[in-house]
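Colleague: I'm still getting used to reading models like this one. Could you pick the backbone at one residue, tell me whether it is buried or exposed, and then show me what else is worth a look?

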Amino acid sequence: MAGLALNIATPAVAQENRSSIDDNSDSQQSTEGRSAQANDILVMGKRAATPSLGALGDRPVLDTPYSVATFNGATIKDIQARSLTDLVRLEPSATTNLSDVTEGSDFLLRGFSASTYYMDSVPGLGGSRSDPPLELYDGVQILKGAAGFLFGFTSPGGIVNFVSKRPRSQPFLDAEVGYTQDSLFRGHVDTGISTSDGRFGTRLNVAGERGTNRYLDTGIRRYAIGLNNNFTLTPTTTIQLDGQHSRRRLIGSAFGILLSPGLGIPDPISGTTRLGARYGGYRYEIDSGNLALIQQLGGDWTARLDGAITRNVFSFFDTARMMINPAGDTLYGNFNINRRQVTKAGQLRLSGSVDTGPINHVITIGLYGTRQETLTGRASNGLTTTGSFLPGGNIYVDLPDFPDPGVEVPSLRLGYRSQNLTEKAAFLSDTVGIGEHWQLLVGGRYVWRDQTNFAPTGAVTQRDDRKKFTPTTALLWKPSSDITAYASYAQSLQAGGTAPAGSANAGEVQPPMVSKQYEAGVKAQLGGLLATAAIFRIERAFEFLQARAGQLPVYTQNGIQRHDGAEVALSGNVGRAWRFIGGIQLLDPKIRNGLPTLVAKKPPAVPDFQAKLFVEYAPPELAGFALNATLNYTSDSYQDALNTLKLDDFFTASAGLRYRFEAVGMPMTARVSVTNLFDKRYWQPASLLVPGAPRSVSMSLAAEF
C-alpha cells in the first residue's frame with residue numbers, strides 16, 4: 001500500500017491541523033476543509049479543550065481545578081489505537097496491569113483502579129475490561145482523581161468519559177482498512193448526511209476486526225456499529241439520539257500466571273507465548289441507547305436532560321496458569337462465568353450565571369438517578385464458576401493443545417438475579433467570580449445508594465443502604481487568561497471490591513469506601529502547548545487478600561491506602577512542525593495503619609515513577625509526512641501486599657509514520673506504527689504475572705471520499 005501511494009500520489013495537501021490534544025473534534029480534515037489543494041495556505045487557530053465534567057458541565061481545561069487529559073479522534077488514529085490499553089500509553093498517570101488480549105483493558109489512575117466508564121458523562125458503558133470500541137467515539141477524556149461530586153460513585157483514581165461522534169454539517173464518507181501482524185485485519189467506515197437547513201443530521205460508524213494477534217497468540221473477533229442523530233427542533237431546542245451495538249470475542253485468552261508460595265518472580269517470557277487454551281476465551285457485548293434534550297433558556301442558562309439504557313454481557317472460559325517450580329512448569333485451570341448487567345440512568349442539569357453586584361455566580365444544579373440489575377448465569381449443576389488445576393505446560397513455551405474438557409458455560413437462561421443497585425443524587429455547585437482574577441468553587445452531591453446481593457436461591461446475602469454527602473471546594477487564581485493556579489479538596493464514595501475466586505469469601509462485596517483528595521496545581525497555555533503540574537494526596541481504605549495458615553485467604557478491608565504524588569504533563573503543538581503529548585508521575589504509595597505486617601508497605605502493582613512521551617515531527621520540506629515516537633518508562637513495583645515479590649522496571653519505545661497525500665482525486669492517509677520497537681520483555685505491574693506486548697507492526701490506509 002505504501003509503495004502504491006508513493007507512485008500515484010500527487011503532492012500532499014497542505015499541512016494538516018494537528019491540535020490533537022487540545023481539540024475534542026475528530027473532524028480536523030472536515031468536509032469543509034477537504035477541497036484544499038497543494039498550494040493552499042491553511043490558517044490554524046487554537047481551540048482549547050473543553051472536557052465534560054459531569055455535574056459542572058462543559059468547561060475549558062484552564063477553568064477546571066482538576067487534572068484532565070483529553071484525546072481526540074485524530075490522536076487515536078495517528079497511534080492506531082483500538083483499545084484503551086493502546087491509548088493510555090500516552091498518559092503518565094495511567095498504569096496498565098491487564099492487557100486487552102487477556103480479559104480486556106484494565107489500568108490504574110494515580111495508582112487506583114479506573115473502574116468506571118461514562119458516555120457523554122452518563123454511566124452505563126461498564127468499567128474496566130469492557131473495552132468500548134474507540135471507532136464509535138470522537139475522543140476520550142480522562143479525569144484524574146476523586147470525582148464523587150462530579151460523577152457520583154467513582155474510584156478515587158478517576159473516571160474515563162467517552163465523547164460521542166456528532167453529525168457534521170455536510171455529507172461525508174471516510175473509510176479505513178488496516179493490518180496488524182501476524183494476521184489481524186480491520187476496517188472502519190464513518191459516514192453521515194445532514195439536511196441543507198441543518199435541522200437534521202445523522203452519522204453512521206461501522207467497524208470490524210478479525211484474525212490472530214501475535215500478542216499471546218490470541219484470536220480476535222470484533223465488530224461495532226453506532227448511529228448518532230441530531231434534531232434541531234427550534235433555534236433553542238436540540239435533541240440528540242444515539243445507539244450502538246458492539247461485540248468483542250477473544251479466542252484462547254488467559255487471565256495470567258499465578259505463583260505457588262515460596263517462588264520468586266521468574267524471568268519475563270516472550271509476549272508471543274500462548275498462555276491460554278484454544279477452547280477458551282472471553283466475550284463482551286455492549287448495547288446502548290442515549291437520549292439528550294438540550295434547551296437554551298434566557299440569557300446564558302441551559303437545561304439538559306439525559307437518559308440512557310445500556311446492556312452489558314460478559315462471559316469467559318479462561319485459562320489460569322500456576323507456576324509450581326523455578327523451571328517454569330505449571331498447572332493449568334479453567335474458570336468460567338457468565339453475567340449480564342442492565343443499567344438505566346438519567347440526569348437533569350440546569351446551569352447558568354447570575355450577577356450579584358460585583359460578584360458573578362456560575363451555578364449548576366441537578367438531579368441524577370441510576371438503577372442496575374445484574375443477572376449471573378447458572379449451570380445445570382448449580383455452579384456459576386468451576387475450576388480444577390491439572391498438570392501441564394511451561395510458561396516459556398506455548399500451552400499444549402489440551403482437549404476441551406467440555407465444562408458447561410453457565411447459561412443466562414438459567415440465571416439468577418445476583419445484584420440490584422440503585423443510586424439517586426442531587427447536586428449543586430456555585431463558582432463565584434471575585435474580581436478579575438479569583439474564583440471560588442463550592443459544591444456538593446448528596447447520594448442515596450442501595451445495593452442488595454442475592455444468592456442463587458434468591459436469599460439476600462448482603463445489603464448496604466447508605467446516604468452520603470460528598471463535598472468539593474476549590475480556589476482558582478488566574479493572573480492572565482492563559483494561566484490558572486488552583487487548590488482543591490474533594491471526596492468520593494466508591495463501591496467496595498468483590499472477593500475474587502479462590503478466596504474463602506469469594507463473591508462477597510466489601511462495604512463502600514470514602515476517599516479524600518487534596519490537590520494543588522498550575523496550568524498554562526503556552527502558545528499551542530498546554531502545560532500542567534499538580535501535587536496531590538489521595539486516601540482510601542485498603543483492600544487485600546489476607547493470608548491464613550492452612551486455610552484459603554480472606555478478601556478484606558483493613559488500614560488506609562495513601563498515595564502522595566506529583567505529576568507534570570504537556571500536550572499540543574510547538575510551531576507548525578512539532579507535537580507533544582506526555583509527562584511524568586511520581587508516587588509515594590503507602591499503607592497507613594491497619595495490620596502491622598502491612599504498615600509502610602507499598603500497595604501491589606503501583607510503580608513509584610512513570611514517564612511517557614509522544615513526539616511527532618512533520619518536516620516542513622516534506623509536505624504531508626509526519627514521523628512520531630513514543631517513549632515509556634515504568635519503575636519497579638511489588639506484586640504482593642507484603643512486598644516480597646518485586647517486578648523490575650522497564651522501558652519501551654514505539655515509532656510511526658504518517659503520510660497524507662492525494663490520489664485518484666481523493667485525500668488519503670497512510671500510517672505505519674511499530675510498538676515495542678526493541679521487543680523488550682517485561683512483566684506488567686499486576687497482582688498476576690502478565691507479560692508485556694511484543695514488537696508488533698500495524699499499518700492502515702484511510703480515504704476521504
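Modeller: Let's start with Val664, which is exposed because its relative accessibility is 71% (over 50% is exposed, under 20% buried, and anything in between partly exposed, using a 1.4 Å probe and protein chains only). Val664 sits in the loop that runs from strand E32 (650-663) to strand E33 (666-675); strands here are DSSP runs of at least two residues, numbered from the N terminus. This is a predicted model, with residues numbered from 1 along each chain as its sequence is written, and local features need pLDDT of at least 70. Side-chain atom pairs count only at pLDDT 80 or more, while totals for chains, interfaces and linings use all residues, and side-chain values use heavy atoms, with hydrogens and water left out.

Now the backbone of Val664: its phi is near 45 degrees, a positive value, and this residue is not a glycine. Most residues other than glycine have a negative phi, and most peptide bonds are trans. Asp217 also has a positive phi, near 50 degrees, without being a glycine. You'll find Asp217 in the loop between E11 and E12. For a peptide bond that isn't trans, go to Gln181 and Asp182: they are joined by a cis bond, with omega at about 15 degrees. Asp182 belongs to strand E10, and so does Val189, since E10 covers residues 182-194. Val189 is partly exposed, because its relative accessible area is 35%.

While we're on strands, try a little sheet. Strands E2, E3 and E4 form an open sheet in that order, and the pairing is antiparallel (two strands pair if DSSP finds at least two bridges between them). Strand E2 (94-98) and strand E4 (112-113) are at the edges with a single partner strand each, so each has one side without a neighbour in the sheet. Between E2 and strand E3 (residues 106-109) there are 4 bridges. Click on Thr95, and its bridge partner in E3 is Leu108.

Next, the rings. The whole structure holds 17 aromatic pairs, where rings of Phe, Tyr and Trp (its six-membered ring) have centres within 6.5 Å, with planes under 30 degrees apart called stacked, over 60 edge-to-face, and the rest tilted. One of them is Tyr137 with Phe162: their centres are 5.1 Å apart and their planes meet at 50 degrees, so this pair is tilted. The partners come from distant parts of the chain, 25 residues apart, with Tyr137 in strand E7 (residues 137-144) and Phe162 in strand E8 (residues 158-164). Tyr137 has a relative accessible area of 2%, so it is buried. Phe162 is at 0%, so it is buried. Add Tyr117 and you have a cluster, because ring pairs link Tyr117, Tyr137 and Phe162.

Finally, take a look at Tyr446 and Trp448, an edge-to-face pair with 4.9 Å from centre to centre and 70 degrees between the planes. Tyr446 is partly exposed, because its relative accessibility is 32%. Trp448 comes out at 33%, so it counts as partly exposed. Now flip back to Val664 and see its exposed spot in the loop for yourself.
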